[in-house]
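The following exercises are intended for a reader new to this structure. Please examine the sequence and the model before attempting them.

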Amino acid sequence: MRQNSDPERLRLRVGEMLVHGSNRYRLEQRVGHGGFAEVYAAFDEHMGRKVAIKYIFQNLVLEQVRREVELLAKHAQELRFIPEVYNHWHQSGKEPGYVIVMAFIEGPTLKDTLSAPWPVDKVIDFLRILLANLRDLHRLKIQHRDIKPSNIKAVPAPETEVSYLIPYILLDFGVAKYGAKTILGGFTRDFAAPEQYVAAYRHYAIDHRADLFSLAATAYNLLTGKEPLSAQTRSDMLRAESVDPLRSQLLSQHRGDIPQGIEQWLLEMLELDPSRRPADAQIALRRLEDPLQSPPPVEYDQETAEETQVVEPPSQGRSKTTLTLLQPPDAPTVPPKIEPPSTVFEEAVATLGKGRISSFTWLPDAPILMLGSSQGVWRIDPARNSVDLWRRTSSAVHAVYSVLEARSLLVASADRLDILDQTETGAPGRTPAELQAFGQPILIRAGGTILVVVSDNRITALDMETGRERAAWQITPGRNGRVAACSTNGRTLVIGFDDELWAYDLQASLQEPLWSRSNLPQPMYDLALTADGSHVAVATAEATLVWRQDDDKAQRYEHSAGHGQRIALSADGAFLAVAEPTGIKVWRTAEDRLLREFALPTPSEILNLAFCADTRLLAAATVDQLWIWELHSGKRYWTSEHFTQHAVCLAALAGSSDIIALGSELQQIATAGDHLALGARLTESISRPYDLAVSADATNAAILIATQLILYRLSDGAVLQRWPVQAVQRQSICFGDDAAHLFVVGENSIAEYRLQQATPLRELPFRVSGTVDHVALAPHQGWYAVHSGERVVIQSLEDGHECYWLHLRDAELTTLALAPEGNLLALADDTSIMLKHLSDGKAWDMGRAGLDGLAAAEQLSFAPDGSALLSLHGNYLHLWSIQNDELLPRGLIAAHGERIDSVVWTNDGTGIVTASRDGTISLWRLEHKCDNKQAPIEHS
């Protein structure tokens, strides 16, 4: 970021009169300054009104500044949330610069009034309004690029009726920030997206997703009263630790009433990699309206490529441009590949949940659906009611297509692209090496022998049989959205940007489009083609439009319940399906009439929609649910089980092999033998669970949420008792050894609850001062350990007396754990794991083991008999055996899915159950318990 070398110098003088034509402006006070501009409160002598004058004195590109000021002035009446521009001109002389005269907005900024964190509901309303405003702004290709509390003012509601909701005004607005390139490098460190740091010293393409990042950082500030870690600091820490520090400093640690969905939404908006943020403000707004639904990855754009040359999108008469695809600088680092100390689990013995759905395709010769998810590719035969894992992939699947005259299946995952034999065996086909290194695209489309890859600044058509490039077009980075579709026969490619569509014949010279359409409603959300490319349909905000290739007039199908999320055309173009939040409408295009409407059980965001080849069946999918309907009868033909089974807490039931999983509900899971099976659902919907505990006799379960502690009976899920609790940053719960008491360890106290009693029985004293960093419980022994600052204190649950204490020197702990019997204490810092033996009032050192490149441990868990220890490192689990006062590495589990949220041992100590963020719950078996040094870890 460019800074002014003399920030206190006044470029203009207070009291000075600026004259432009017949206009005279008297400068009254400087109200702001930065690295390239100053802002003054002034009086307009001609109009008799107070105005704000922005004086830009650095980085002048006058033509660009003039164009952008005119653009703002042109749209000021349309965009009521920006100050109106009254006048502007280039100032010459001793202090050359550019002067912009704007409406003066009275009142303090959000920064000036932020004396305490805002209520959650107020922040959500604020986000709704700002996202709607950004949506309108970005449609005009304008980005603000410096959104922060000090650039937003709250405007009192007017007494007279207004047609536009404007409770907030955006200041310091948009000048020289229009289009793809950054001309002026002004931004605020704590609220800027990471790509803006790069743009400060490179010609780097920035788009509207930078505004989404800054808005989320502003919301974080309003919710917590604290400024978030800057993107640059997070990037530096990420490179050093392979863990984003934001994920270890969640909002729930600052206050207890943040809904889980809002926290997850903010994490997605604050992703360092812009490709993992919502693609635009409209999508982010939809996510916000349903905050408890996990956002699917398929709605996001991919990498913003480094800009080298701006060329308009393909148009008639333009020759193709070949350009090497560039990777974005400062991409988030990937955890290092770790060589395990012994055998690695290739896959779990059993898995429950199939990952998040990303895409699907119908086989052309049978009503079989091939579905991609974060776990791999699934073969779904609805007639036989079978769902089989056809092929597991090394990373989440992004796209699945039937290609090469239906002989093969194209599977694109995060790290590779494969062409596979389209039989039940899924044998690998010959994938040309050129296709393996296509980089991270925004869109992949395929048909016939053609693979189309759309990146941020390039469209490439590749021959799947040879891997050679058939054609390429350079496109302008930062344009408003992009959609593409390839016909099944691989002959026709249609591309859409902004308000324009182009169609190309991939078998022809490609120098000129087959046809084009312009002045379409914006934005475009989806595009569909018939098998031969003769019909095209595009979903816009208000309606879906359908054309025949030889007809300029479009059929229009209005949307009645929000914009069309996804659309599909039958192979012959006779039917059009449009997915809206409440259901799917099917139109008969030849007769231009509604044929049928399929209602959804609850309002849902459809991500995939397709007719089978013979148009008998229609399939639709969300991130976790799949439906198939018979088109002509209107009956639901098949419905999947939920693909995701998300759980944030796991607990083992004493005396049985069952596990309790807590996510949006409490679910019983059987782990008999090498199998997992869903048992009874024990509760209704639960919002923002913190912790789970099960009594030693397995009769009751306790759930801690933001403001309540709830006691359930496991036999029938009945609620036995509710206690209000104070929302604090860190809380843990456990049952006493007699199963008649509950203990809640909070930030500076521990409360004891007697079952069936309406109020806490008592509070025990804490032996530490300051904020509690970590808590561990050993209910069998009746102890709990508390870490605060440089001390770890182990106290009695019975009377609170101090049993052990440790003074830590130069160690910053990341987590700790007590063995069930209370005789062992495990501690983890950034680079190692330490083990202490607790005996005779002293904590004896049993040694330290290094992590050898793994990220810091987030969770530690002792085996039921204390003979082994698990450490959780994001997507990895490290198993250690405890022998002869040593901590010995025994093996590494690399979970296939996304980041692991929770882990628990089975009661017999021979298995481990993990819950991953993509919704899969997995069972891992040990061939032997870790009771001798030579016992290996093997996959059953």
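Three exercises with worked solutions follow.

This is a predicted model, in which local features need pLDDT of at least 70, side-chain atom pairs count only at pLDDT 80 or more, and totals for chains, interfaces and linings use all residues. Residues are numbered from 1 along each chain as its sequence is written, and side-chain values use heavy atoms, without hydrogens and water.

**Exercise 1.** Determine in which order the strands of the open sheet are arranged.

Solution. Strands (E, at least two residues) and helices (H or I, at least four) are DSSP runs numbered from the N terminus. Two strands pair if DSSP finds at least two bridges between them. The 4 strands follow the order S34-S35-S36-S37 with antiparallel pairing. Strands S34 (608-611) and S37 (636-639) each have a single partner strand, so one side of each lacks a neighbour in the sheet. S34 is joined to S35 (residues 617-621) by 4 bridges; in one of these pairings, Asn 608 has Ala 621 of S35 as its bridge partner.

**Exercise 2.** Establish whether helix H5 is buried or exposed.

Solution. Buried means under 20% relative accessible area, exposed over 50%, and partly exposed in between (1.4 Å probe, protein chains only). Of the 16 residues of H5, 16 are buried, so the helix is largely enclosed by the rest of the structure. After H5 comes Gly 225, which has a positive phi near 75°.

**Exercise 3.** State how many disulfides the whole structure contains.

Solution. A disulfide is a pair of cysteine sulfur atoms within 2.5 Å. The search finds 0. Cys 486 is buried at 12% relative accessible area, and Cys 734 is buried at 5%.
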